[in-house]
Amino acid sequence: MDLDQLAALRTPEGSAALTAAAGLAGGDPLTAASALRAAGVPPTLAAAALTQAELRHRAVGKFGPAAAGMFLTRPGLEQATRRVVADRRAARLHAAGVRTLADLGCGLGADALAAARAGIRVYGVEADPVTAAMAAANAAAAGLADLFTVECGDATAFDVSRVDGVFCDPARRTTGTGRRIFDPRAYSPPWDFVTGLADRVPRTVVKVAPGLDHGLVPAGAEAEWVSVNGDLVEAALWCGELAEVPRRASVFRTEIHQLTGSGTDEAPVGPTRRYLYDPDPAVVRAHLVAELATELAATLGDPSIAYLYADHPTRTPYARCLEITDVLPFSLKRLRALLRERGVGRVEILKRGSALTPEQLRRDLRLTGDASASLVLTRVAGAPTVLIGQPVA
């Protein structure tokens, strides 16, 4: 995609091509391209429209119905914040008194649009000309162009004295190759600039990769890890006046649930018990397993493995619960014999602290039968262990 192609897609002819492409999304690409060309759409416009249709189809999971009117790139879509997360962040910023916001590295505008929907005036800055133009087009399509404007330029040069809040989502992929950047010090804008924003604007939020090392969290900042339907999707640093607690796990399911704590407490260790809890990844990454253990009256079976054990089941949005029927020292031969004896032909395999791969174990078990079971590969008191159980509703 280039600026000329984007401009062509925004003409009446381009809009018609996008509508036609939307009806072909998800099918065979060659058949779709032939259908558009047969309808009189020029090849270059057809290709651009089909690419947008494919990306919009994929974007529904992040943005809902609004995806149908957005302009997207593959890297931009992959890094864009899910709408439910962006809306909740915007609401928190608005509740904290933010009325003007700089979005430094606004990408396609997912977070800026959420802030604008919350009534915040947003000034977006984006280094890539095509992405900046797409963000502006997305603001216009959403009817928010009066609240969200975009300039193409260097985020580090923006005058943050113009705003009372800053949101920064530094680029975490290399230009050209699109490869992920795992070291925050290689982000763009640079990590020192990003972490220094809080000294200039007391209400600053930084979106970071969920694999962020706790040692890189700035002093006094709140570090939040976010999951959606069990998938860990991002982390955010709430700085200055926005910091409320040291660590937070935000778990989005049918509604949001938030677990908070110090991130430094350690859960007690004890024997395995009847019920096993597999904590949500946001809880694990936020180092809040100890806080969850207190809620569940649970203990760890091994100090380095984030599985919790309890005598009674407790309803919680922060973990899956399994009822354990068997606890065995790991032995493939013994496990295979036991599962065959019980007619188990289908297994769900969970693992923490085990070098075994679920795919290889499934093949090695060579199971037949109609029953199902959950297998947990782990360590208990340092020893390789397999637990057999069933999910608790």
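**A walk through the predicted model**

Helix 2 (residues 12–22) and helix 4 (residues 43–63) have axes that come within 8 Å and cross at roughly 50°. Axes here are lines fitted to C-alpha atoms, for helices over the stretch in contact, and angles run from 0 to 180 degrees between N-to-C directions. The two helices, helix 2 and helix 4, are therefore oblique to each other; angles under 35 degrees count as roughly parallel, over 145 as roughly antiparallel, 65 to 115 as roughly perpendicular, and the rest as oblique. Their crossing is right-handed, the near helix being turned clockwise from the far one by less than a right angle, where anticlockwise would be left-handed. On helix 2 the contact is made by Glu13, Gly14, Ala17, Leu18, Ala21 and Ala22, and on helix 4 by Leu45, Ala49, Leu50, Gln52, Ala53 and Arg56. Contact means heavy atoms within 4.5 Å. These residues divide into 8 nonpolar, 2 polar and 2 charged; Ala, Val, Leu, Ile, Met, Phe, Trp, Tyr, Cys and Pro count as nonpolar, Asp, Glu, Lys and Arg as charged, and the others, Gly among them, as polar.

This is a predicted model, in which local features need pLDDT of at least 70 and side-chain atom pairs count only at pLDDT 80 or more, while totals for chains, interfaces and linings use all residues. Residues are numbered from 1 along each chain as its sequence is written, and side-chain values use heavy atoms, with hydrogens and water left out.

The chain holds 13 helices and 16 strands. Helices (H or I, at least four residues) and strands (E, at least two) are DSSP runs, numbered from the N terminus. Of the 393 residues, 48% are buried; buried means under 20% relative accessible area, exposed over 50%, and partly exposed in between (1.4 Å probe, protein chains only).

Strand 4 (residues 165–168) is covered on both faces: Gly165 and Phe167 on one side and Val166 and Cys168 on the other are all buried. Strand 4 runs parallel to strand 1 (residues 100–104), joined by 4 bridges, with leucine 101 partnered by glycine 165 of strand 4. Strand 4 also pairs in the parallel sense with strand 5 (residues 203–208) over 3 bridges, where phenylalanine 167 has valine 205 as its bridge partner. Two strands pair if DSSP finds at least two bridges between them.

Phe167 and Val205 also appear around arginine 89, a residue of helix 6 (residues 83–95). Arginine 89 counts as buried at 4% relative accessibility. Leaving aside neighbours within four places in sequence, arginine 89 touches Thr81, Asp111, Phe167, Val205, Lys207, Glu234, Ala236 and Trp238. Alanine 236 lies 147 residues away along the chain, yet the two C-alpha atoms are separated by 9.7 Å.

Further along the chain is an open sheet of 7 strands in the order 11-12-10-13-16-15-14, with mixed pairing. Strand 11 (299–300) and strand 14 (344–351) stand at the edges, each with a single partner strand, so one side of each is left without a neighbour in the sheet. Helix 11 (residues 289–296) packs on this sheet, touching strand 10, strand 11, strand 12 and strand 13 (319–329), and its direction makes about 10° with that of strand 12. Helix 13 (residues 358–365) also packs on the sheet, touching strand 14 and strand 15 (371–380), with its direction at about 155° to that of strand 14. Within the sheet, strand 10 (residues 275–279) and strand 12 (residues 308–310) run antiparallel, joined by 3 bridges, and tyrosine 277 has leucine 308 of strand 12 as its bridge partner.
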